[in-house]
Amino acid sequence: MNIKKTFVLTLALFVALVSFADSFNKKGINYETTSQTEVQVVGGNGVNGAVDIPEHNYRVTAIRHNAFEGNNHITSVTIPRSVTKIEWSAFNRCQGLTTVIDNSSVEVMDGYIFTDCSNLTVVR
């Protein structure tokens with residue numbers, strides 16, 4: 001009986017942990033959940049124009065590696081305060097990007113984030 005209870009509890013814990021790795025798309029931005037209340041931006045090649053990374057039902061904590069890389073259709077991006085990490089090449093080669101409004105509280109900023117964004121003139 002003890003082994004059965006242990007197995008059921010272990011299985012329940014595993015299912016709970018795996019369920020946090022859900023992904024979804026909201027207005028062309030791809031997100032991946034990291035907890036019941038937090039997400040990371042993992043892709044943004046489906047958006048264009050002015051991009052405001054929203055904090056809907058989740059707190060956005062990171063913009064992942066290559067999330068918007070090569071998206072020449074975005075012209076500006078607003079990063080929310082809750083973002084604490086921006087990974088490698090997150091906006092690399094976004095040739096149409098002219099403005100970044102960075103409200104984040106970034107603690108970790110990897111390299112090449114805005115490399116080859118030749119029209120980027122405003123970062124505030």
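**A sheet and its core**

Take a look at β2: I29, Y31 and T33 point to one face and are buried, while N30 and E32 point to the other and are not. Here, buried means under 20% relative accessible area, with exposed over 50% and partly exposed in between (1.4 Å probe, protein chains only). Strands (E, at least two residues) are DSSP runs, numbered from the N terminus. This is a predicted model, where local features need pLDDT of at least 70, side-chain atom pairs count only at pLDDT 80 or more, and totals for chains, interfaces and linings use all residues. Residues are numbered from 1 along each chain as its sequence is written, and side-chain values use heavy atoms, leaving out hydrogens and water.

**The sheet**
- Six strands make an open sheet with mixed pairing, in the order β1-β2-β3-β5-β7-β9; two strands pair if DSSP finds at least two bridges between them.
- β1 (23–26) and β9 (108–109) sit at the edges with a single partner strand each, so one side of each has no neighbour in the sheet.

**Around β2**
- β1 and β2 run antiparallel, joined by four bridges, and N25 stands opposite N30.
- β2 and β3 are also antiparallel with four bridges, and E32 has Q40 as its bridge partner.

**The core**
- The largest nonpolar core (buried Ala, Val, Leu, Ile, Met, Phe, Trp, Tyr and Cys residues joined through side-chain atoms within 4.5 Å) has 23 residues, and V41, I53, I63, F68 and F91 have the most contacts inside it.
- β6 gives this core its largest share, three residues.
- V41 in β3 has I63 in β5 as its bridge partner, and those two strands pair in the parallel sense over four bridges.
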